[in-house]
Amino acid sequence: MAANRFNGYTDLGIGIGLRIPHYRHIFAEKPVVDWFEIISENYMVDGGRPLQVLDQILERYKVVQHGVAMYFGSAQPLNRDHLRRLKLLARRTKTPWLSDHLCWGSVDGRYTHDLLPMPYTREAVATTAANIRQVQDFVEIPVVVENVSSYAEFHESEMTEWEFLNEVVEAADCGILLDVNNIYVSSQNHGFDPLEYVNSVPAERVAQIHIAGHSKFEKYILDTHDHPVLEPVWSLYARAIERCGPTATLLEWDDNIPTFEEVHAEAMKAAKFLNAHSSPSFAEAGTNELQEINR
Amino acid sequence: MSLLELQRRMSDSIMQPLTKDYRMRSRSVRGQPMSAVAADFIRPNSRLTSFERLEIYNQQYWYRIVSALSEDFPGLSRVLGEKKFDAMILAYLAENPSTTFTLRNLGSNLVAWLRKNPKWTGATPDLAIDVARLEWAYVEAFDNAEYPAITTEDLADIGDDTIFTLQPHVRLLDLDYPVDDLVLAVHRDQPVSDVVSNAVSGKQAPRSRKRFPGLQPSPIFLVVHRFDFSVYYKRVRSEAFQLLQAIEARKSLGEALEMAFAESLATPTEQANLIQNWFLNWSELGWFCKTELDKHSMDAHPHGEI
């Protein structure tokens, strides 16, 4: 697997999102799953069943935290209480890395609870990178940022989305959670070539990949996470793995959630792409990088 | 346009209430045409105008928060009826946008807001408020903190000047209506969901929400608490409730007992037996904790009014 400093030199394989409708099955059947991704905010509570469930999961499985409300792109200071709770949770889960989105979602103390798109400007690069560095310094765990799907573009933008992503991760020196479904959704909504996006991302910074399904409407595509992964997304995934090496991959299925077995089977379709690139050359590349760092 | 200015303009636009048929309004709250507001910062494409692109976010915002709040108050929806409930939560959310990173706190001001805005409480305002109080207490009892509890052995050391501390998940409710069983039944039918990543949601399909049968007022005293990770509603008698309220108000045990039994008809022997049984039972349920409540930061989880 593509272990690198942005995913804590782990090679986790194929994971699925931990969702409430599957709790019963997981605890009863104890299925073999490489790892679970949790939504951090669902467990940033003071007590009760969410933390009890999490502790039970942690006894048996590896867990990676994925956030939805840090809002790295916010023009205003980050929420300190959120950061404090995030760090507490990270100590509990021992997550090898923390991810959240390259977006904003709150202003003047009001939260939209949405992942709103960024204007691709120099000011936004500087602000976002500074916020990511602040989180990284505070939590002391590698932070990776995920590209979001979007439905709007701004007059203010001075560069493409992938140029923006690349500038932010360079300036923040952080990793990338590459969501190939989001790339596809945005490419259809904004009319760019999704392959150009995938080909432009710095492969050595990709810590994790997301795959998911989406829904097509008359004039746009919505990122609904309620379907199996569609063929164009698998194609992008194949290219991403070709460039990045076998990378920790997570299937998101968040609405109309089918049985655990169905979700797991869909996720495991990623195995053929990962296995095709589990060649010694990739393993060697990872080892070389590790040796370089250890010198 | 600075990043902050753009974010303010966009959030103002998407947090603006929708029309009755769930479309973006044609004019902003300041009276400007929304087509002009959107065109000012959002680029159109060959298929969608700036207005239409902004409208996607405006709709998603409302679908998301209405759905989250509705999940926390299914009983209130039954009391008010679907149409009135939907109108009420739109009015509430327009005045009470989320101010924390979690949707969990969205309903924290609902009871206080309903009291200030009785026109939204339907034909039986006290019943609606009782149900809302109980449903918010459930949210708090579900995931509020739990500290190491005092044990029945610890009770041997207590005296008149002992100050007990209630666990943060223990919530006390004096209700005009016996709504506990009905709310329990509604919650049992409620599907559970959690916050998910990135995905957008459509307008929720209308659920079958039958009205509550007519309930007659009949005051009850209820303790909403968590035991073994499940939330329970426990009815208690008036004296026990007053005792717990006094303990919650940080009165010493002596003062609390005096307040609880001030108007009680129980004989001193009966009182002694009641007190002994209550404390044994409550300590077995883990209602008292060793940690001082004021050391606990509840900043991110405002209790709201129950």
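**Figure 1. Thr128(A) and the residues around it in this predicted model.** Skip the residues within four places in sequence, and Thr128(A) is in contact with Phe72(A), Gly73(A), Leu102(A), Met118(A), Phe164(A) and Val168(A). Thr128(A) itself belongs to helix H4 of chain A, which runs over residues 122–139. Is this threonine buried or exposed? Thr128(A) counts as buried, because its relative accessibility is 0%. For a sense of distance, look across to Gly15(A): that residue is 113 residues from Thr128(A) along the chain, and the two C-alpha atoms are separated by 28 Å.

**Figure 2. Gln7(B), a chain B residue that touches chain A.** You'll find Gln7(B) in helix H1 of chain B. Which residues does Gln7(B) touch, once those up to four places away in sequence are set aside? They are Gly73(A), Ser74(A), Ala75(A), Trp104(A), Val107(A) and Met118(A). Two of those names also turn up around Thr128(A), whose contacts include Gly73(A) and Met118(A). With a relative accessible area of 0%, Gln7(B) is buried.

**Figure 3. The largest cavity, lined by residues of chain A.** The structure holds four cavities of 30 Å³ or more, and the largest cavity has a volume of about 70 Å³. Rolling a probe the size of a water molecule over the atoms is how such empty space shows up. Around this cavity sit Ser40(A), Gly67(A), Met70(A), Phe72(A), Leu86(A), Leu98(A), Ser99(A), Asp100(A), Val135(A) and Val143(A). Which element gives the largest share of that lining? That would be strand S4 of chain A (residues 98–101), with three residues. Sorted by class, the lining has six nonpolar, three polar and one charged residues. Phe72(A) may look familiar, since Phe72(A) is also in contact with Thr128(A).

**Figure 4. The second largest pocket and its lining.** This pocket has a volume of about 410 Å³. Its lining takes in 21 residues, and those nearest the centre are Arg9(B), Asp12(B), Ser13(B), Val29(B) and Arg30(B). Four helices of chain B each supply at least two lining residues: H1 (3–14), H2 (34–41), H3 (50–72) and H5 (82–95). Which of the helices gives the most to the lining? H1(B) does, with five residues. H1 of chain B is also where Gln7(B) from Figure 2 is found. By class, the lining of this pocket has 10 nonpolar, four polar and seven charged residues.

**Figure 5. Helices H9 and H10 of chain B packed together.** Here helix H9 (residues 238–248) meets helix H10 (residues 253–260) at an angle of about 145°, and their axes are 8 Å apart. The crossing of H9(B) and H10(B) is right-handed. From H9(B) come Glu239(B), Gln242(B), Leu243(B), Ala246(B) and Ile247(B), and they meet Ala256(B), Leu257(B), Met259(B) and Ala260(B) in H10(B). What kinds of residues make up this contact? Seven are nonpolar, one is polar and one is charged. As background to the view, chain B has 11 helices and four strands. Of its 306 residues, 53% are buried. Take the contacts in chain B between residues at least 6 apart in sequence: 73% of them join residues at least 24 apart.

**Figure 6. Two histidines of chain A with positive phi.** His113(A) has a phi of about 55°, a positive value even though the residue is not a glycine. Much the same goes for His225(A), a residue other than glycine with a positive phi near 55°. Where does each one sit? His113(A) is in strand S6 (residues 110–116) of chain A, whereas His225(A) lies in the loop between strand S12 (221–222) and helix H8 (231–244) of chain A. His113(A) is buried, with a relative accessible area of 10%, and His225(A) is buried too, at 0%.

**Figure 7. Leu58(A) and its contacts.** Leu58(A) is part of helix H2 (residues 49–60) of chain A. Setting aside neighbours within four places in sequence, Leu58(A) is in contact with Val63(A), Arg92(A) and Thr93(A). Arg92(A) is 34 residues from Leu58(A) in sequence, and their C-alpha atoms are 8.8 Å apart. Leu58(A) is partly exposed, with a relative accessible area of 23%.

Technical notes. Residues are numbered from 1 along each chain as its sequence is written. Chains are lettered from A and ligands numbered from 1 in the order in which they are written. This is a predicted model: local features need pLDDT of at least 70, side-chain atom pairs count only at pLDDT 80 or more; totals for chains, interfaces and linings use all residues. Side-chain values use heavy atoms; hydrogens and water are left out. Buried means under 20% relative accessible area, exposed over 50%, partly exposed in between (1.4 Å probe, protein chains only). Contact means heavy atoms within 4.5 Å. Axes are lines fitted to C-alpha atoms, for helices over the stretch in contact, and angles run from 0 to 180 degrees between N-to-C directions. A crossing is left-handed if the near helix is turned anticlockwise from the far one by less than a right angle, and right-handed if clockwise. Ala, Val, Leu, Ile, Met, Phe, Trp, Tyr, Cys and Pro count as nonpolar, Asp, Glu, Lys and Arg as charged, and the others, Gly among them, as polar. On a 1 Å grid over the protein atoms alone, a cavity is a set of points where a 1.4 Å probe fits but cannot get out, and a pocket is an open set with protein on both sides within 12 Å along at least five of seven lines; lining residues have an atom within 4 Å of a point. Grid points are joined across faces, edges and corners, and a volume is the space filled by probe spheres set on the points.
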